[in-house]
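Reader: I am new to reading structures, and I would like to understand how the words used for them are justified. Could you show me the structure and then take my questions one by one?

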Amino acid sequence: MLLACFRMLGVLFTPLNLGPDEAQYWRWSKSFDWGYFSKPPMVAWVIGAMTNLFGDHEWAIRFASPIFHTGTAIALFMAGQRFWSTKVGIYAGLCFTLMTAIWLSSGIMSTDVPLLFFWSLGLFFFLSLRTNRSWVAAIGLGVALGLGFLSKYAMVYFLIGMALSALIDPVSRKALLSLKGLAALALFLAIFAPHLVWNAENGFKTVGHTADNANWGEELLNPENGFKFFFDQFAVFGPLSFLLLLSFFGLSIFRRNAITQWADRRIAVLACFVIPPLLIILVQAFISRAHANWAATAYPAACLILAIWATSVGGWVRKILIGGFALSMVVGVIFTTLVVLPVETQIQVMGGNATKRLRGWPETTQQVKALATEYNASAVIIDEREIWHGLDYYGRDGELAVPVRAWRREDHPKSASEEALISQADAENALILSYREGDRANLLADFAETEAIGELEIDLGGNRYRRFEVYIGRGFEPKPRPLPTT
């Protein structure tokens, strides 16, 4: 709880602006729905609940993050304590809450935040269903699955984990095929069904965006991305924790007798929730690309495995695990302290690049507002989704009085920012902000008349800038877009 309070203070007092994704989720939160352009609805619901209570402040949008992560650690503690021992529960909870990625994630709002919470609750209830097959466990599992899928589609790895558990573990198989196990799956589908209906009514755009993220339409086979993803996991889980996890599975393969914990079938069950996300995303990274956090769902069960191993054998395993806790605590406290210091100090310590996407948005909005006023703009038109979301949030409540529109580079929207079409009224005397040099010719070609008025440059500090070529455009006449290549 002390860590949760410390992280909440970081959220309350950081001078860093919202990131574009956070601003996007905030926009979605202004209207309740069962889905949004690129994500299921949970993150918007959570933000909506917080901002309805506290207002549209930056800290209010992020405030639920450390609360959810604390809940995740408690869920892992409960699983460890109930099915192994109190010490296992303590180690598992600490392992998660001190993860390097959780220190970072506690200061922002993302879809991973509720996902990991419902995943860990689902793990607790799945183990409970396997043990006693109670109705409470069945209902808890169904609710956790449903809400997890409403948080992020990565919850599909949980279904894979349950399926593998059923294949290798007779006890899990009997539990899942029992009346209560089938009831849990039915409850999950009932909770998730409204989102599926929403997707069907909206052209499956959330599903389509998720498929686009895989990026299989570009050049395939990128070993450098695969190696980068693998080594990034040392930063996500923590260097010593990930090394210990690799040691556990490495010894299990090459010196199986050295890992006696496999005699407990529940270890194999937990492994079913660790290996698939790590392995599938690693393959995806080698084929195309993968962000470091895409396999985050592997780590709740991994925390339990390391906790069980450390308490069973002690010795060097326990020393490395506790050493990892100490290292992560030091790094996390330093990081959280840094993000509440003035931006200038942050730049001096971390460099100008680390938080550039979280700086300069109010200044950007004010300078765009001044230009829009000077040229009596009918709208502001931009060619980058991140800029659109930044202007949308920081120009709220009439701060930026003219409409802000995103230009489409294809014949259909590729992001939520592009959903609203540019109208002729918008293009009567539009202020065009060209951010992407490679798209500039196509952007300007979509207007009957354009006039260059100069460059807009926003100093983000640390020798980093947000630069635009600025034009006035009149008469929007979008050219035909090429058909997608197959």
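**Salt bridges, burial and a sheet**

Author: In this predicted model, the count of salt bridges comes to 16. One of them is formed by the side chains of Arg27 and Asp392.

Reader: What makes the meeting of Arg27 and Asp392 a salt bridge?

Author: The rule asks for a side-chain nitrogen of Lys or Arg within 4 Å of a carboxyl oxygen of Asp or Glu. For Arg27 and Asp392 the N to O value is 2.8 Å, and the pair therefore satisfies the rule.

Reader: Why is this pair said to tie together parts of the chain?

Author: Arg27 belongs to helix H2 (residues 20–29), while Asp392 belongs to helix H22 (residues 385–394), so the bridge joins parts that lie 365 residues apart in sequence.

Reader: How do you know whether Arg27 and Asp392 are buried or exposed?

Author: Buried means under 20% relative accessible area, exposed means over 50%, and partly exposed lies in between. Asp392 has 13% and therefore counts as buried, whereas Arg27, with 30%, is partly exposed.

Reader: What makes Asp426 and Arg405 a salt bridge, and which parts of the chain does the pair link?

Author: Their side chains meet at 2.9 Å, N to O, which is within the 4 Å that the rule allows. The pair links Asp426, in the loop between E2 and strand E3 (430–434), with Arg405 in strand E2, 21 residues apart. Asp426 is called buried because its relative accessibility is 4%, while Arg405, at 22%, is partly exposed.

Reader: Why is Val380 called buried?

Author: Val380 has a relative accessible area of 0%, and because buried means under 20%, the word applies. Beyond its neighbours within four places in sequence, Val380 is in contact with several residues, among them Val368, Leu391, Val404 and Leu433.

Reader: How do you know that the strand of Val380 is paired with E2?

Author: Val380 is in strand E1 (residues 380–382), and pairing requires at least two bridges between two strands. E1 and E2 are joined by 3 bridges and run parallel, so the requirement is met. Within E2, Val404 is the bridge partner of Val380.

Reader: What makes E2 and E4 the edges of the sheet?

Author: The open sheet has 5 strands in the order E2-E1-E3-E5-E4, with mixed pairing. Strand E2 (404–406) and strand E4 (447–461) each have a single partner strand, so one side of each is left without a neighbour in the sheet.

Definitions and conventions: Residues numbered from 1 in each chain as written. Predicted model: local features only at pLDDT ≥ 70, side-chain atom pairs only at ≥ 80, totals over all residues. Heavy atoms only, no water. Helix = DSSP H or I, 4+ residues; strand = E, 2+ residues; numbered from the N terminus. Buried < 20%, exposed > 50% of the residue type's maximum accessible area, 1.4 Å probe, protein only. Contact = heavy atoms within 4.5 Å.
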